[in-house]
Amino acid sequence: MSEEREMITGIEVPIYLKYHFTAGEATARFLSQVRQGKLVGQRCPSCNNVYLPPRGSCAACGVATTEEVEVADKCTVESFTIVYIPIPGNPIQPPYVIANLIPDGANISFIHLLSECDNDTVHRGQRVQAVWKPQEEWDYAMDNIRYFKPLDEPDVPSESIGKVPVTGWEV
Amino acid sequence: MKDIAIVSFAQSDCVRNAGAKNEVELIMPVIKSALGAAGLSTAQDVDFTCSGSCDYQQGAAFAFVLGVDALGAVPPIKESHVEMDAAWALYEAILKIRMGHADSALVYGFGKSSPGELPTVLSQQLDPYYLAPLWVDTVSLAAMQARMMLDQGVMEEADMAAVVARSRRNALANNPHAQLKGEVAVEQLLAEETWVSPLRKHDCCPVSDGASAMVLCTVEKAREWGKPYAVISGIDHRIETHNLGARDLTRSVSTEQAAAVAGVSDGAIEVAEIYAPYSHQEIILTRALGLGSETVVNPSGGVLAGNLMMASGLSRIGEVAQRIINGDIKRGLAHATSGPCLQHNLVTVLEAA
Ligand SMILES: [Zn+2]
């Protein structure tokens with residue numbers, strides 16, 4: 001009489017691979033300057049758009065970007081979302097606002113947190129500025145900026161979002 | 001059915017470590033160069049683009065999407081990707097053109113293998129129930145294959161060393177992008193210690209970073225552009241089971257089948273570029289392809305001189321196409337492989353117009 005065996009319905013096979021990841025030459029230059037408290041993007045020689053953070057190419061033109069351009073830490077809200085669901089491992093407690101922000105002097109947005117704001121009145125075109133960590137805590141990372149907070153400036157109209165010069169928004 | 005022409009090819013140097021460069025920074029120069037040689041300026045000048053890469057190599061999810069930043073991929077671009085060697089991206093582009101959905105295409109492949117431990121990373125391409133959990137690396141599997149060949153007497157260690165010596169010599173003479181090249185005698189190679197027995201280090205292709213790119217189109221389009229070209233007269237690919245125990249590892253049945261369909265034996269083969277990551281695999285493949293002494297095998301040195309995972313297969317095709325475009329030869333074949341122990345093989349026959 002053969003022994004009854006329990007059917008195997010699943011196996012656990014953890015995968016663990018180790019990598020020495022590199023950010024890319026353009027991004028590495030960007031992060032070195034973030035370490036110094038500066039936001040430095042790159043300009044496309046073909047369409048003149050300034051990218052931040054730079055990837056080394058203009059995604060629209062497919063050409064290398066080499067000219068470095070320092071942009072402001074004042075930004076315009078291009079779009080945003082209010083997060084109500086806690087994300088495991090994320091220390092930030094909901095509800096919080098994440099936004100696509102376009103710095104003055106750049107043309108493409110990056111994502112960061114908005115805080116010190118009324119979540120219900122956050123809006124597209126709103127003007128915000130970076131709140132930096134103390135200098136001694138700066139590292140090669142965008143969270144040198146704790147978050148962005150609203151500025152007391154008039155809104156940027158839709159058609160001008162992404163076209164604000166590095167000198168700032170003047171009505 | 002429309003005849004398809006390869007009009008240009010470009011490949012980067014094979015380097016052990018491309019440093020900080022990301023995928024975009026690896027791809028952009030070869031795309032620029034391939035487009036330029038075809039008389040084009042941007043990816044918008046072709047009807048279709050397709051890339052080949054594998055995110056596991058650099059350990060970055062969606063690296064293939066980020067790679068598109070090198071193109072200028074804005075609408076109405078038609079863009080696609082294969083998680084395979086770019087030789088299969090070429091195959092997709094050929095189907096696209098033959099179906100009449102495009103007249104021209106840009107194909108590129110890139111690999112940044114230096115961030116990880118490639119032989120171990122590649123263990124994850126094995127079947128997920130029996131082999132991948134054992135973490136069998138590609139070098140060990142190739143060593144097992146070589147051992148079977150030695151035990152069956154279908155080759156000797158000196159035959160393997162002869163493949164390596166010829167690769168190094170050809171790379172020195174013909175391949176400015178090679179990572180490994182030089183004059184080395186068979187006796188010298190055999191005097192070295194084994195690494196994963198019976199393989200010595202030099203029996204294994206090096207780990208390389210880099211990219212390659214190609215422009216292809218209908219023959220009518222190539223004439224319109226006024227560029228010299230090579231015609232793809234046959235292409236086919238076949239795959240064998242993932243169960244290594246069910247395969248005869250000492251031969252490559254899938255290569256034999258693909259070669260027959262691609263029409264390899266319809267004429268003399270002057271040059272064959274073969275994707276053989278291990279020296280003994282070149283012996284298996286030259287037999288499977290039915291090549292004799294009239295064929296020059298791997299004039300570039302093949303991938304023993306530098307292996308851009310996910311671009312090397314496309315580069316084999318490019319190497320042969322370039323020789324036809326330059327007017328050096330009239331007919332040649334290129335082979336690409338994928339998977340452990342030559343599991344999946346693609347054969348392309350190229351001819352002068
Ligand atoms: Zn541009």
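This passage describes a zinc site in chain A, followed by two helix pairs and one histidine in chain B, in a predicted model.

In chain A, the zinc ion is held by the SG atoms of four cysteines, Cys44(A), Cys47(A), Cys58(A) and Cys61(A), at 2.3 Å. The angles subtended by the four donor atoms run from 106 to 114°, and the arrangement is therefore tetrahedral. For comparison, the ideal angle for four tetrahedral donors is 109.5 degrees. Along the chain, the donors are spaced according to the pattern C-x2-C-x10-C-x2-C. Two of these donors, Cys47(A) and Cys58(A), come from separate elements: Cys47(A) is placed in the loop between β1 (39-43) and β2 (50-51) of chain A, and Cys58(A) in strand β3 (residues 57-58) of chain A. The pair therefore ties together parts that lie 11 residues apart in sequence. The two residues were also examined for accessibility. Cys47(A) has a relative accessible area of 31% and is partly exposed, whereas Cys58(A), at 0% relative accessibility, is buried.

In chain B, two helix pairs were examined. Helix α4 (residues 86-98) and helix α12 (residues 312-325) of chain B pack with their axes 5 Å apart, at an angle of about 65°. Because angles of 65 to 115 degrees count as roughly perpendicular, α4(B) and α12(B) are described as roughly perpendicular to each other. On the α4(B) side, the contact is made by Ala86(B), Ala87(B) and Leu90(B); α12(B) contributes Gly313(B), Leu314(B) and Ile317(B).

The other pair consists of helix α6 (residues 138-151) and helix α11 (residues 279-288) of chain B, whose axes come within 9 Å and cross at roughly 60°. At this angle, α6(B) and α11(B) are therefore oblique to each other, and their crossing is left-handed. The residues of α6(B) that make the contact are Ala142(B), Gln145(B), Ala146(B) and Met149(B). Their counterparts in α11(B) are His280(B), Gln281(B), Ile283(B) and Ile284(B).

A single residue of chain B was also considered. His202(B) is located in the loop between β6 (199-200) and β7 (209-218) of chain B. The relative accessibility of His202(B) is 6%, so this loop residue counts as buried, the cut-off for that class being under 20%. Leaving aside residues up to four places away in sequence, His202(B) touches Val164(B), Arg168(B), Leu189(B), Glu192(B) and Leu304(B).

How values were computed. Residues are numbered from 1 along each chain as its sequence is written. Chains are lettered from A and ligands numbered from 1 in the order in which they are written. This is a predicted model: local features need pLDDT of at least 70, side-chain atom pairs count only at pLDDT 80 or more; totals for chains, interfaces and linings use all residues. Side-chain values use heavy atoms; hydrogens and water are left out. Helices (H or I, at least four residues) and strands (E, at least two) are DSSP runs, numbered from the N terminus. Buried means under 20% relative accessible area, exposed over 50%, partly exposed in between (1.4 Å probe, protein chains only). Contact means heavy atoms within 4.5 Å. Donors are N, O and S atoms within 2.8 Å of the metal (3.2 Å for Na, K and Ca); water is not among the atoms, so sites may look incomplete. Four donors count as tetrahedral if all angles lie between 85 and 135 degrees; four count as square planar and six as octahedral if opposite donors are over 155 degrees apart and all others between 65 and 115; anything else is irregular. Axes are lines fitted to C-alpha atoms, for helices over the stretch in contact, and angles run from 0 to 180 degrees between N-to-C directions. Angles under 35 degrees count as roughly parallel, over 145 as roughly antiparallel, 65 to 115 as roughly perpendicular and the rest as oblique. A crossing is left-handed if the near helix is turned anticlockwise from the far one by less than a right angle, and right-handed if clockwise.
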